[in-house]
Amino acid sequence: FVAADCSKNKVMTLEDYAKIESEMDYVDPDIDTDRTKAVTAKYGYTFDQYKEFYDKVQKDPELREKLGEGTLKKQKASDK
């Protein structure tokens, strides 16, 4: 019996990225790699997957806009 690491096959979504980001007090994953690894593992991802998605978000204004819209919706919902 060999256990496979399923997290390598899981594709990160913007929603999952936002959850991970909101759980950390910082955005850049290189600030505290150990904590980033722990938080990403909690959601079934690797540090490298998060870092790759982080880089993608930094380069894509459309993704940053969607991320901001999602954050605003959550804030408005929690204010009610």
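1. T40 sits in helix α2 of this predicted model. Its relative accessible area is 0%, under the 20% cut-off, so T40 counts as buried. Leaving aside neighbours within four places in sequence, T40 is in contact with I20, Y45, T46, F47 and Y50. Of these partners, I20 is one of the buried residues of α1, and helix α3 spans residues 47-59.

2. Two other positions in the helix that holds T40 come out otherwise. K37 lies in α2 and has a relative accessible area of 43%, which lies between the 20% and 50% limits and therefore makes K37 partly exposed. D34 is also found in α2; with a relative accessible area of 57%, over the 50% limit, D34 is classed as exposed. Helix α2 runs over residues 33-42.

3. Two C-alpha distances relate α2 to later parts of the chain. K37 and Y50 are 13 residues apart in sequence, and their C-alpha atoms are 8.8 Å apart in space. For D34 and F47, 13 residues apart along the chain, the C-alpha separation is 9.0 Å. F47 and Y50 are both listed among the contacts of T40.

4. On the overall make-up, the chain has 4 helices and 0 strands, and from the N terminus the order of elements is α-α-α-α. Buried residues amount to 29% of the 80 residues. The accessible surface of the chain is about 5800 Å², with 52% of that belonging to carbon and sulfur atoms. Among contacts with a separation of 6 or more, 51% are accounted for by residues 24 or more positions apart.

5. Which residues of α1 are buried? They are L14, D16, Y17, A18, I20 and E21. These buried residues pack against α2, α3 and α4. The list includes D16 and E21, both of a residue type that counts as charged.

6. D16 deserves a separate look. D16 belongs to α1, which covers residues 14-23. The relative accessible area of D16 is 14%, so D16 falls under the 20% limit and is buried. Not counting residues up to four places away in sequence, D16 touches K10 and Y45. Y45 is also a contact of T40.

7. L14 has a longer set of partners to inspect. Residues up to four places away set aside, L14 touches F53, V57, L63, K66 and L67. F53 and V57 fall within α3, while L63, K66 and L67 fall within α4.

8. How many residues does the largest nonpolar core have? The count is 15, and the residues with the most contacts inside this core are M12, L14, Y17, I20 and V57. The elements giving two or more residues to the core are α1, α3 and α4. As general background, nonpolar side chains in soluble globular proteins tend to be buried together.

9. Helices α3 (residues 47-59) and α4 (residues 61-79) pack at an angle of about 100°, with their axes 5 Å apart. An angle from 65 to 115 degrees counts as roughly perpendicular, so α3 and α4 are placed in that class. The contact involves K56, V57, Q58 and K59 on the α3 side, and P61, L63, R64 and L67 on the α4 side. By type, the residues of this contact divide into 4 nonpolar, 1 polar and 3 charged. V57, L63 and L67 of this contact are also touched by L14.

Methods: Residues are numbered from 1 along each chain as its sequence is written. This is a predicted model: local features need pLDDT of at least 70, side-chain atom pairs count only at pLDDT 80 or more; totals for chains, interfaces and linings use all residues. Side-chain values use heavy atoms; hydrogens and water are left out. Buried means under 20% relative accessible area, exposed over 50%, partly exposed in between (1.4 Å probe, protein chains only). Contact means heavy atoms within 4.5 Å. Axes are lines fitted to C-alpha atoms, for helices over the stretch in contact, and angles run from 0 to 180 degrees between N-to-C directions. Angles under 35 degrees count as roughly parallel, over 145 as roughly antiparallel, 65 to 115 as roughly perpendicular and the rest as oblique. A nonpolar core is a set of buried Ala, Val, Leu, Ile, Met, Phe, Trp, Tyr and Cys residues joined through side-chain atoms within 4.5 Å. Accessible areas come from the Shrake-Rupley method with a 1.4 Å probe; for residues, only the protein chains shown count as cover.
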